[in-house]
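Okay, thanks for making time, everyone. I'll put the model up and then we'll walk through it together.

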Amino acid sequence: MGREVAIDPASSPSQTLLPFAPGGALEGFPGALVLVGSDGIVLGANGAAKPIVGLFRSEQVPEELRLAVAAALGGRAAQVNPLLIPPPPDTRGAELAFDVAVLPWGGKAGDTAAALLLGRDITLERSLRSALIESRQRFKDLVEAISDFAWETDGEGRFAFISAHGALGYGAGELVGTRAEDLQVDRIAGEESPFVTRQRLSDVELWVRRAGGETVCLLTTALPLFGADGTWRGARGVCRDITTERSQRAKLAVDRHRERLLGYILSILRDEMNPARMLQAACGALVPALPAAGAGLYR
């Protein structure tokens, strides 16, 4: 395909003018090669240049390419990055993309006789880059949807990354470089912090202090980071504030306990006919169920 030479019969140059003709300097060039005359007519092209040739012959040359060819005909090199070629009408083809260098190509007397286009097909590369960007954005959206913030610590346990919107009332810039463990409250001695974990942790409850001083509970999932040599390099994870959920669960547990206790007392009142034994049984059920908070005030 790269050896194919197509010459426009309207202005056929000599074979010596075609750098990609058999024996020419660019015969083995792997990309697209097009030679364009001063009147915009394609003088020759290799097989890889078919999409670019189609632009010229359909008279749909983009302005940037037209100006680049004019510059080359004036003796100046130019560049078109990227040159986007739409698919043919009524087809399901994909848009093509080329990086194109446009160079002046001299005639017999050394004057600029044509513009030489050297193109590199970057369609796949561009598609992969777009897919990667889209994938990263999708991952970022999912992380933000399932957590309040994402974080990463370095080998010293300091924040190396915080989600762009920050965390716990701090801006991202305020936390980067600070010791992650300093945010924790009521740490148990010897207990490993998720911020410096050496093992995978899932759904660990962590109490930390917000910027305003209030204490909140975070549900944390974390992964350790190791270098190629196996050296621990930090940790990475996501956190979600579950303080309100935790308070609601605690209140619900109290309400359920109260309902069970009330049901038990009602069953005693229904089944026990002796008032003294009824009162004794009710007290016996109430005393263990009463909260002990504040009991020290009466010692």
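So, where is proline 82 found? Proline 82 is in strand S3, where strands (E, at least two residues) and helices (H or I, at least four) are DSSP runs, numbered from the N terminus. I bring it up since the peptide bond from asparagine 81 to proline 82 is cis, with omega near -10°.

Quick housekeeping. This is a predicted model, where local features need pLDDT of at least 70, side-chain atom pairs count only at pLDDT 80 or more, and totals for chains, interfaces and linings use all residues. Residues are numbered from 1 along each chain as its sequence is written, and side-chain values use heavy atoms, with hydrogens and water left out.

Now the overview. The protein chain comes to 6 helices and 10 strands. Of its 299 residues, 33% are buried; buried means under 20% relative accessible area, exposed means over 50%, and partly exposed is in between, with a 1.4 Å probe and protein chains only. Take contacts between residues at least 6 apart in sequence, a contact being heavy atoms within 4.5 Å: 44% of them join residues at least 24 apart.

On to the cores. In soluble globular proteins, nonpolar side chains tend to be buried together. By a nonpolar core I mean a set of buried Ala, Val, Leu, Ile, Met, Phe, Trp, Tyr and Cys residues joined through side-chain atoms within 4.5 Å. The largest one here has 24 residues, and Val34, Ile52, Leu83, Val102 and Leu117 have the most contacts inside it. At least two residues come from each of S1 (32-37), S2 (42-45), H1 (50-57), H2 (63-73), S3 (78-85), S4 (96-106) and S5 (112-121). H2 gives the most, with 5 residues. If you click on valine 102 and skip its neighbours within four places in sequence, you'll find contacts including Leu65, Val69, Ala78 and Leu117. There's also a second, separate core of 18 residues, and among its members are Ile162, Leu183, Leu218 and Cys239.

Since I just mentioned a cysteine: how many disulfides does the count come to? It's 0 disulfides, using a cut-off of 2.5 Å between paired cysteine sulfur atoms. Cysteine 217 is buried at 0% relative accessible area, and cysteine 239 is buried too, at 1%.

Next, the aromatics. A pair of rings is described by the distance of the centres and the angle of the planes. My rule takes rings of Phe, Tyr and Trp (its six-membered ring) with centres within 6.5 Å, and calls planes under 30 degrees apart stacked, over 60 edge-to-face and the rest tilted. The whole structure has 2 aromatic pairs. One is tryptophan 151 with phenylalanine 195, edge-to-face at 4.9 Å centre to centre and 70° between the planes. That pair links distant parts of the chain, with tryptophan 151 in strand S6 (residues 149-153) and phenylalanine 195 in the loop between H4 and S8 (201-209), 44 residues apart. Phenylalanine 159 also pairs with phenylalanine 195, with centres 5.5 Å apart and planes at 75°, so that's edge-to-face as well. Phenylalanine 159 sits in strand S7, 36 residues from its partner. Put together, Trp151, Phe159 and Phe195 make a cluster through ring pairs. Tryptophan 151 is buried, at 1%, and both phenylalanines, 159 and 195, are buried.

One more ring: arginine 198 lies over the face of tryptophan 232, at 3.7 Å from the ring centre. The test there is NZ of Lys or CZ of Arg within 6 Å of the centre and within 35 degrees of the ring normal.

Last bit, the backbone. Most residues other than glycine have a negative phi, and most peptide bonds are trans. Besides the cis bond I opened with, between asparagine 81 and proline 82, have a look at two residues with positive phi. Leucine 168 is at about 55° without being a glycine, and its place is in the loop between S7 and H4. Aspartate 203, in strand S8, also has a phi of about 55°. Buried or exposed, then, for leucine 168? Buried, at 8% relative accessibility, whereas aspartate 203 is exposed, at 54%.

That's my tour, so over to you.
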